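Work through the following exercises with the sequence and the structure side by side. Try each task yourself before you read its solution.

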Amino acid sequence: MHTLDGVTRSDQYRALGLSTFAFTVCFAVWTIFSIIGVRIKQELGLSDTQFGLLVATPVLTGSISRIFLGVWTEQFGGRIMFPLQMLITAVAVWLLATVHTYEVFLIAALGLGLAGGSFIVGVAYTSRWFEKERQGTALGIFGAGNVGAAVTNFAAPFLVVALGWEGTAKVYAVVLAATAVFFYLTAKTDPVQKERKKTGAKPVSAGDQLAPLKNIQVWRFATYYFFVFGGFVALASFLPRYYVGAYGLPLTTAGVFAGFYSLPGSVFRALGGWMSDKWGARFVMYLTFIVSLVLLFVMSYPETSYTVEGIHGPISFTFGLNATMFMVMTVILGFVMSLGKAAVYKHIPVYYPHHVGAVGGLVGMIGGLGGFFLPISFGFLLDQSGVWTAPFMLLFVLVLVSTVWMHIAIRRMEHARHPGLKGEKYLSDVPNEPLAKSMP
């Protein structure tokens, strides 16, 4: 465990506050296509599959970049890597306003996607400032920067109406560049980097940092994150399109409704970190998956008309969710997903304190790839099935698989830790045989 000698509470709060603010701005930029993409789709006449690919492309860069950004942050520190990543992204966002063809939009979206890599930079930087017992809460607060998606859903539609999508992109680029400068001027070098400079020690090599990735446990955490984060990003981008298409809502209303999902899916991540510190990440993951299964089952059910033979003749009724009911269910789903995101990252600095950048980068990359593949899958399912709720059917299957794998892995760990339980199928306080009638 790294030393925190000389680190004050003020230093910790400064690092946490700056990282959270920077990540919020980056996340708002990362999801900008959820709003301006709707206008681009209309202008270019894109299919749902093409639109899904456009929305997902920034997520691809943001996901893959997390591996090397995590390694570089471990080596050079977040005070250098965070502003550098933001400045490069700001240039790509500004150039986006000059694009007019779909193919070049995809290329520009790759550069914009670097905004998503900010997550692992912030995780590696922030975790170095806090004790193990407080890292879950700290990283949960930092992860609340996902609220940037809600900022985009709430604000960007009105910017698009006032300035056009090109003007909106330029505003985002300026804000991101200003944030990079502000972070560099006000942030401090983290304790690990400061100690290295003092002692002359060399940073851990990239090979050593990547060594834990051979553990199946790391990939299991990544699978959980594929849903709780990848699914969150995918839905934050997809829901405005869903509300416009399925319910016929105007873009501004659709953006606000999608923002209601993104907001709890972001701000309650801090609560998830606190719950993980207090009751354990395993409990929080079970809660997330079970509630998600129930919600997604209902949300994936298409509007259906039934006719049954009653006593006095046929009885007809219809099952379906109106826009308000659906929005309320997305709010609850976003809430439990935010808890799950914090729970996944609670594990990493505890199990791998010297490999947070590499392990966190891989988990973040797999989760981010969920945000890339899922929107494309959503568009494909809509084109092929013609059923608006098909994307939620896919999410239900994904959660079901993750829940089963998690439960099997936990049971195996219990049996390995307590060999006497190996033959037990049902862990219970109920005895196999009744107690003797005569007790001493």
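**Exercise 1. The chain as a whole**

Task: Find what share of the residues in the chain is buried, and how many helices and strands there are.

Solution: Of the 440 residues in the chain of this predicted model, buried residues make up 55%. Going on to the secondary structure, one counts 18 helices and two strands in the chain. As a last step, take the contacts between residues at least 6 apart in sequence: 83% of them join residues at least 24 apart.

**Exercise 2. The packing of α4 and α5**

Task: Decide how helix α4 and helix α5 are oriented to each other, and describe the residues that meet between them.

Solution: Two packed helices are described by the angle between their axes and the distance between the axes. Begin, then, with the axes of α4 (residues 78-96) and α5 (residues 102-112), which come within 8 Å and cross at roughly 155 degrees. Because angles over 145 degrees count as roughly antiparallel, α4 is roughly antiparallel to α5. The crossing of these two helices is left-handed.

Next, look at the side of each helix that faces the other: Thr89, Ala92, Val93 and Leu96 in α4 meet Phe105, Ala108, Gly111 and Leu112 in α5. Sorted by class, this contact has six nonpolar, two polar and no charged residues.

**Exercise 3. The packing of α14 and α15**

Task: Carry out the analysis for helix α14 and helix α15, starting from their angle and the distance between their axes.

Solution: Helix α14 (residues 269-279) and helix α15 (residues 281-299) pack at an angle of about 130 degrees, and their axes are 7 Å apart. This angle makes α14 oblique to α15. On the α14 side the contact is formed by Met275, Ser276 and Trp279, which meet Ala281, Phe283, Val284 and Leu287 in α15. The residues of this contact divide into six nonpolar, one polar and no charged.

**Exercise 4. Following helix α11**

Task: Locate the kink in helix α11, and state what follows the helix.

Solution: Helix α11 covers residues 216-247, and a kink of about 40 degrees lies in this helix at phenylalanine 238, shortly before proline 240. When the helix is examined for burial, 25 of its 32 residues turn out to be buried, so that α11 is mostly covered. After α11 comes glycine 248, whose phi is positive, near 70 degrees.

**Exercise 5. Three single residues**

Task: For threonine 330, glycine 70 and phenylalanine 182, decide whether each residue is buried, partly exposed or exposed.

Solution: The cut-offs come first: buried means under 20% relative accessible area, exposed means over 50%, and partly exposed lies in between.

- Threonine 330, in helix α16 (residues 323-351), has a relative accessible area of 1% and is therefore buried. Apart from its neighbours within four places in sequence, threonine 330 is in contact with Leu239, Tyr243, Tyr261 and Met299.
- Glycine 70, in helix α3 (residues 48-76), has a relative accessibility of 0%, so glycine 70 counts as buried. Its C-alpha atom is separated by 8.3 Å from that of valine 359, although the two residues are 289 residues apart along the chain.
- Phenylalanine 182, in helix α8 (residues 148-186), has 43% relative accessibility and therefore counts as partly exposed. Phenylalanine 182 and leucine 18 are 164 residues apart in sequence, while their C-alpha atoms are 9.0 Å apart in space.

Conventions:
Residues are numbered from 1 along each chain as its sequence is written. This is a predicted model: local features need pLDDT of at least 70, side-chain atom pairs count only at pLDDT 80 or more; totals for chains, interfaces and linings use all residues. Side-chain values use heavy atoms; hydrogens and water are left out. Helices (H or I, at least four residues) and strands (E, at least two) are DSSP runs, numbered from the N terminus. Buried means under 20% relative accessible area, exposed over 50%, partly exposed in between (1.4 Å probe, protein chains only). Contact means heavy atoms within 4.5 Å. Axes are lines fitted to C-alpha atoms, for helices over the stretch in contact, and angles run from 0 to 180 degrees between N-to-C directions. Angles under 35 degrees count as roughly parallel, over 145 as roughly antiparallel, 65 to 115 as roughly perpendicular and the rest as oblique. A crossing is left-handed if the near helix is turned anticlockwise from the far one by less than a right angle, and right-handed if clockwise. Ala, Val, Leu, Ile, Met, Phe, Trp, Tyr, Cys and Pro count as nonpolar, Asp, Glu, Lys and Arg as charged, and the others, Gly among them, as polar. The bend at a residue is the angle between axes fitted to the seven residues ending there and the seven starting there.
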